[in-house]
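Take a moment with the sequence and the 3D view. This report walks through a sheet, some packed cores and a set of aromatic rings.

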Amino acid sequence: MPELPEVEIVKQSLDKNIKFEKIKKVVVRNRSLRFKIPKNFEIVLKNKIINKISRKSKYLILHLEDIYCVIHLGMSGTIHLINRKNFNKNTNTSFYNPANLPLKHNHIEFFLKKYQLIYNDPRRFGFFKIFKKKDLLDFFKNVGPEPLNNKFNINYISNYFINKKKNIKSFLLDQKFVSGIGNIYASEILFYCKINPFKEVKYLTKLDIKKIKYFSKFVLNKAIKKGGSSIRNFRNVSGRNGKYQNEFKVYQRENLNCLKKECFGKIKKKFISKRSTFFCNKCQK
């Protein structure tokens, strides 16, 4: 599943290419996504201008005059942009999937003046939802602050952890606590913090909390600058690979040496809530 940096790259790609475009036509080929696409979906979106594309956590938001279209890519969803005048075979703006447009699982298509936007999703865990402004705020009311937001500060983290017994890795994956971090970046953040992922938050020191705040921002900002992580064949709209996977310190490095200077530890892989967790057995205490 794409995490905050990868969704940010998709947002930047869409904002660069389809901002201020009019949706001339919408074709729904399969309404059975995670949430069923309503029957009036095509009519509601037709002739709307895309004024802006934004992102909140792992969600994309199309600002369409008086309404908003929220998109979540789920586990396998990809957004493809086809230039209708100058076809580029690398159409995938999304994460973990082939750059070339697959021949099936195209569920939703937007026809714009210059581009054709296609949503492809083999597992159909993604969704499209339309909201008015008030309903949009309600939809996101239980989503925690992003690590890049000033609300994710030392006081917020400290207060949230009071009387909590859960381990820190589980908290970093809890979207009610902090939104946008997934399995890859949680492991990377905790490595930089030198914190064991199994450590219960009640045992974290003030210094630990400062590190969590700092390195959450550090890792995600660096991943965005590197174009995200290409675990399989992620491309941005220009057909370029993300490069942050070359920066991984622990993720998918099981049994390799720790990269910290003067640390003779090995990277171990264990599971927390059925999610793979990578950490150094020496420097992460």
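The text below starts with the sheet and then moves to rings, cores and helix ends. Keep in mind that this is a predicted model.

## The sheet

Begin with the strands. Four of them form an open sheet in the order S2-S3-S4-S8, with antiparallel pairing. S2 and strand S8 (127-131) stand at the edges, and each has a single partner strand, so one side of each has no neighbour in the sheet. On average, neighbouring strands of this sheet are turned by 25° against each other, direction ignored. Helix H1 packs on the sheet, where it touches S2 and strand S3 (59-64). The direction of H1 makes about 175° with that of S2.

What holds strands side by side in general? Strands of a sheet pair through backbone hydrogen bonds, either parallel or antiparallel.

Now take the pairs one by one. S2 and S3 pair in the antiparallel sense over five bridges. Lys-52 stands opposite His-63 in S3. S2 and S3 also form a hairpin, with two residues between them. In that turn, Ser-57 has a positive phi of about 55°. Strand S4 (residues 67-72) pairs with S8, again in the antiparallel sense, over five bridges. Here His-72 has Phe-127 of S8 as its bridge partner.

## Ser-54 in strand S2

Ser-54 is found in strand S2 (residues 52-56). Is Ser-54 buried or exposed? Its relative accessible area is 15%, so Ser-54 counts as buried, given that the cut-off for buried is under 20%. The side chains of Ser-54 and His-63 are joined by a polar contact of 2.7 Å. Leaving aside neighbours within four places in sequence, Ser-54 is in contact with Lys-11, Tyr-59, Leu-60, Ile-61 and His-63.

## Phe-125 before strand S8

Where does Phe-125 lie? Phe-125 is in the loop between strand S7 (115-120) and S8. With a relative accessible area of 37%, Phe-125 is partly exposed. Leaving aside neighbours within four places in sequence, its contacts are Arg-34, Gly-74 and Met-75. The C-alpha atoms of Phe-125 and His-72 are separated by 8.5 Å, although these residues are 53 residues apart along the chain.

## Aromatic rings

Next come the rings. A pair of aromatic rings is described by the distance of the centres and the angle of the planes. The count comes to 29 aromatic pairs. Two of them are set out here.

| Pair | Centre to centre | Angle between planes | Type |
|---|---|---|---|
| Tyr-59 and Phe-127 | 6.2 Å | 50° | tilted |
| Tyr-192 and Phe-218 | 5.3 Å | 70° | edge-to-face |

The Tyr-59 and Phe-127 pair links distant parts of the chain: Tyr-59 is in strand S3, Phe-127 is in strand S8, and they are 68 residues apart. Both Tyr-59 and Phe-127 are buried. Tyr-59 and Phe-127 also belong to one aromatic cluster, together with Phe-35, Phe-131, Phe-139 and Phe-140.

The Tyr-192 and Phe-218 pair joins helices. Tyr-192 is in helix H6, Phe-218 is in helix H7, and 26 residues separate them along the chain. Why is this pair called edge-to-face? Its planes stand at 70°, so the pair is edge-to-face, as the cut-off for that type is over 60 degrees. Tyr-192 counts as buried at 16% relative accessibility, whereas Phe-218 is partly exposed at 29%.

## Nonpolar cores

How many residues has the largest nonpolar core? It has 38 residues. Those with the most contacts inside this core are Phe-161, Ile-168, Leu-172, Phe-177, Ile-181 and Ile-212. Several elements each supply at least two residues of this core, including helix H1 (4-18), helix H5 (168-173), helix H7 (206-225) and strand S10 (275-280). The largest share, eight residues, comes from H6.

Phe-177 shows what such packing looks like. Not counting residues up to four places away in sequence, Phe-177 touches Gly-144, Pro-145, Phe-152, Tyr-156, Ile-157, Tyr-160, Phe-161, Phe-171 and Leu-172. Apart from the largest core lies another core, of 29 residues, among them Phe-41, Ile-50, Ile-53 and Phe-128.

## The ends of helix H4

Finish with helix H4 (154-161). Asn-153 caps the N-terminal end of H4. A side-chain oxygen of Asn-153 lies 3.3 Å from the backbone nitrogen of Asn-155. Just after H4, Asn-163 takes a positive phi of about 65°.

Key: Residues numbered from 1 in each chain as written. Predicted model: local features only at pLDDT ≥ 70, side-chain atom pairs only at ≥ 80, totals over all residues. Heavy atoms only, no water. Helix = DSSP H or I, 4+ residues; strand = E, 2+ residues; numbered from the N terminus. Buried < 20%, exposed > 50% of the residue type's maximum accessible area, 1.4 Å probe, protein only. Polar contact = N/O pair within 3.5 Å; in protein donor to acceptor, adjacent residues only side chain to side chain. Contact = heavy atoms within 4.5 Å. Core = buried A, V, L, I, M, F, W, Y, C linked by side-chain atoms within 4.5 Å. Pairing = 2+ DSSP bridges. Axes fitted to C-alpha atoms, helices over the stretch in contact; angles between N-to-C directions. Phe/Tyr/Trp six-rings, centres within 6.5 Å; stacked < 30°, edge-to-face > 60°.
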